[in-house]
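Subject: Structure handover

Hello,

Here is the structure we talked about. My notes follow below it.

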Amino acid sequence: PLPHHVRLVEVGPRDGLQNERHPISVTDRVRLVNDLTEAGVSHIETGSFVSPKWVPQMADSAAVFAGIMHSPGVRYTALVPNLQGLQAAIGAGVTEVAVFAAASEGFSQRNINCSISESLQRFAPVMAAAERQDIRVRGYISCVLGCPYDGAVAPSQVASIAAELIAMGCYEVSLGDTIGVGVASATSRLIDRVAAQVPPGQLAGHFHDTYGQALSNIYAALLEGVSVFDSSVAGLGGCPYAPGASGNVASEDVLYMLQGMGIDTGVDLQRLVAAGQRICDVLGRPNGSKVARALLAH
Ligand code: HMG
Ligand code: MG
């Protein structure tokens, strides 16, 4: 049975823009977040507080948080890798953050410069400080369906990291197919295995569309009881540490599919398409959403 409601987590302003070659102005980043708010998106990953040497595109995230409209009922969240990032996020007035681990050692080293177990240890003080300040923490796991460095990833490995993140206090764990290699049957198997340790109601799907499999993976995850999905308007993005990774699945494409299935999201498709096209015009790149291209051609 399919859910009646899905929460879409818009990650374009973070996962999308972090991979742009040229810096994007704070004004354009703020405009994107505000456009998404006005389209009815209720959860927007707005920036990250990571080392600017590692990801220069996300420097100035504090200025973005200061500039955006803060619409009641909308969650504006930030990615943080460590306590330093959490403190910067708190300083910027952020009330929800996400920590990120990987399911493979190779990706963990290249993305956050430490092993998986070191990363989990590093999250412990982040979780404790967040709890003291009433900040909600989401968890991510990258490379759940394959790693660009280490190859195959065992579902049991993903399940145990997910269980650890929940035990540490994350309210939800987002499973990332960072390089988009998964297919629907692998997604079903993965979620089935992870659900033995973390209920599907605490899982989210984060699919990159590198191999064109994201929508079928989302459908497979829906059937397994997952009802939260991360996506990027206009299919922006990729990952600087995952060579060849194209963008996240386009939010417009996910929304079109969900609407067609009668699943409510609260997001307005026309406004979402307009938001995506505006940022594509700023970036001077073609729109990565098939649905947007089709609708804009009318
Ligand atoms: P490191 O070099 O090992 O860290 O990097 P360090 O603790 O030794 O610090 C080195 C320098 O970084 C110091 O500055 C620190 O102050 C600074 P220096 O003394 O050299 O001037 N630093 C920071 N600056 C700002 N904010 C911070 C911070 N922490 C340290 N929070 C570190 C380790 C984790 C910091 C680094 O590797 C890093 O920032 N990595 C982030 C990489 C990243 O953002 N990747 C993309 C996001 S993950 C993703 O996209 C996947 C996802 O979408 C899901 C999926 O698709 O799979 C979520
Ligand atoms: Mg991602």
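Helix α9 is followed by G225, whose phi is positive, near 100°. Please keep in mind that this is a predicted model.

The helix before that glycine, α9, covers residues 214-223, and A214, N217, I218, A220, A221 and L222 in it are buried. An α-helix has 3.6 residues a turn, so residues three or four places apart point the same way. The buried residues of α9 pack against two helices and three strands: α8 (184-194) and α10 (251-260), together with β6 (172-177), β7 (203-207) and β8 (228-231).

L222 also turns up in the surroundings of P3. P3 sits in the segment before β1 (7-10), and beyond residues up to four places away in sequence it touches L222, S227 and I263. P3 and S227 are 224 residues apart along the chain, yet their C-alpha atoms are separated by 6.5 Å. Is P3 buried or exposed? Neither in full: P3 counts as partly exposed because it has 17 C-beta neighbours inside 10 Å, and 20 or more would be needed for buried.

Next, the core. The largest nonpolar core has 88 residues. V80, V97, I141, V144, V158, A162 and V194 have the most contacts inside it. Strand β4 (residues 96-102) gives the largest share of this core, six residues. In soluble globular proteins, nonpolar side chains tend to be buried together.

V97 is worth looking at on your screen. V97 lies in strand β4 and counts as buried, because it has 22 C-beta neighbours inside 10 Å. Leaving aside its neighbours within four places in sequence, V97 is in contact with T77, A78, V80, L86, A89, A130, I135 and V137. One of these, V80, is also among the core residues with the most contacts.

Two residues have a positive phi although neither is a glycine: D60, at about 70°, and C143, at about 65°. D60 lies in the loop between β2 (43-48) and α3 (61-67), and C143 is found in the loop between β5 and α7 (155-168). Their surroundings are as follows. D60 is partly exposed, because 18 other C-beta atoms lie within 10 Å. C143 is buried, because 30 other C-beta atoms lie within 10 Å. From V97 to C143 the separation is 20 Å, C-alpha to C-alpha, and 46 residues in sequence.

On the ligand: 25 residues surround ligand 1, and S51, G85, S142, G176 and T178 come nearest. The elements that give two or more residues to this shell are α4 (83-91), α5 (105-112) and β5 (136-142). α4 has the largest share, three residues. Which classes make up the shell around ligand 1? There are 13 polar residues, 11 nonpolar and one charged.

Last, a helix pair. Two packed helices are described by the angle between their axes and the distance between the axes. The axes of α2 (residues 26-38) and α11 (residues 269-283) come within 8 Å and cross at roughly 170°. Angles over 145 degrees count as roughly antiparallel, so α2 and α11 are roughly antiparallel to each other. On the α2 side, D28, L32, D35, L36 and E38 take part in the contact, and they meet R271, A275, R278, I279 and V282 in α11. By class, this contact has five nonpolar, five charged and no polar residues.

Regards

Terms used
Residues are numbered from 1 along each chain as its sequence is written. Chains are lettered from A and ligands numbered from 1 in the order in which they are written. This is a predicted model: local features need pLDDT of at least 70, side-chain atom pairs count only at pLDDT 80 or more; totals for chains, interfaces and linings use all residues. A residue is near a molecule or strand if its C-beta atom, placed from the backbone, lies within 6 Å of it. Helices (H or I, at least four residues) and strands (E, at least two) are DSSP runs, numbered from the N terminus. Ala, Val, Leu, Ile, Met, Phe, Trp, Tyr, Cys and Pro count as nonpolar, Asp, Glu, Lys and Arg as charged, and the others, Gly among them, as polar. A nonpolar core is a set of buried Ala, Val, Leu, Ile, Met, Phe, Trp, Tyr and Cys residues joined through C-beta atoms within 7 Å. A residue is buried if 20 or more other C-beta atoms lie within 10 Å of its own, exposed if 12 or fewer, and partly exposed in between; C-beta atoms are placed from the backbone. Two residues are in contact if their C-beta atoms, placed from the backbone, lie within 7 Å. Axes are lines fitted to C-alpha atoms, for helices over the stretch in contact, and angles run from 0 to 180 degrees between N-to-C directions. Angles under 35 degrees count as roughly parallel, over 145 as roughly antiparallel, 65 to 115 as roughly perpendicular and the rest as oblique.
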